[in-house]
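This report covers a pocket, a loop residue and a helix, in that order. Please keep the sequence and the structure in view while reading.

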Amino acid sequence: MKQVTAIIQPFRLDDVRDALNDMGIHGMTVLEVKGVGRQKGHTELYRGAEYMIDFIPKIQLDIVITDELVEQVVEAICGAAQSGKIGDGKIFIKPVERVIRIRTGEVDESAV
């Protein structure tokens, strides 16, 4: 099993979720995060004072899936999240040793 972590633009969340739902992937964790990278930041004006916003708001999706679905999930996320502009995000894939569903005690693939 693998954990796919995707950092995407907030306005792309619905498109990514729909693409994953179409594949039959319904379970995911969604976090509001902030980060800095090549996109840099931008300046904003507040009560007449200009200040720099270094950390840009992003959405982090965490999905645990079987090894067989990894490439399909990556393609679905890329297709739905890509705008072609800087700041589209990144995808990280990590191995998962074990999954346990607390309610039923199911383990590994049956728990996903």
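In this predicted model, the second largest pocket holds about 240 Å³ of space. Its lining is made up of 15 residues, and G27, I63, V64, I65 and V112 are the closest to the pocket centre. Which element gives the most to this lining? Strand 5, residues 56–65, does, with 4 residues. The lining divides by residue class as follows.

| Class in the lining of the second largest pocket | Residues |
|---|---|
| Nonpolar | 8 |
| Polar | 5 |
| Charged | 2 |

Next comes the loop between strand 5 and helix 2 (70–81), where T66 has its place. Is T66 buried or exposed? T66 has 18% relative accessibility, so it counts as buried, the cut-off being under 20%. Leaving aside residues up to four places away in sequence, T66 touches M1 and E109. A76 lies 10 residues from T66 along the chain, and their C-alpha atoms are separated by 15 Å.

A76 belongs to helix 2, where it is buried. The other buried residues named there include V70, V73, V74, I77, A80 and A81. Why do they fall on the same side of helix 2? The buried residues cover an arc of only 165° around the axis, which puts them on the same side of helix 2. E71, E75 and G79 are exposed, on the other side of helix 2.

What covers the buried residues of helix 2? The cover includes strand 1 (2–8) and helix 1 (13–23). Strand 5 and strand 6 (89–95) are also among the covering elements. Strand 5 thus appears twice here: in the cover of helix 2 and in the lining of the second largest pocket.

The length of helix 2 can be checked as well. Helix 2 has 12 residues, and at 1.5 Å a residue these should span 16 Å. The end C-alpha atoms of helix 2 are 16 Å apart, so the two values agree.

Conventions:
Residues are numbered from 1 along each chain as its sequence is written. This is a predicted model: local features need pLDDT of at least 70, side-chain atom pairs count only at pLDDT 80 or more; totals for chains, interfaces and linings use all residues. Side-chain values use heavy atoms; hydrogens and water are left out. On a 1 Å grid over the protein atoms alone, a cavity is a set of points where a 1.4 Å probe fits but cannot get out, and a pocket is an open set with protein on both sides within 12 Å along at least five of seven lines; lining residues have an atom within 4 Å of a point. Grid points are joined across faces, edges and corners, and a volume is the space filled by probe spheres set on the points. Helices (H or I, at least four residues) and strands (E, at least two) are DSSP runs, numbered from the N terminus. Ala, Val, Leu, Ile, Met, Phe, Trp, Tyr, Cys and Pro count as nonpolar, Asp, Glu, Lys and Arg as charged, and the others, Gly among them, as polar. Buried means under 20% relative accessible area, exposed over 50%, partly exposed in between (1.4 Å probe, protein chains only). Contact means heavy atoms within 4.5 Å. The expected span of a helix is 1.5 Å times one less than its number of residues. The arc is that of the directions from the helix axis to the C-beta atoms.
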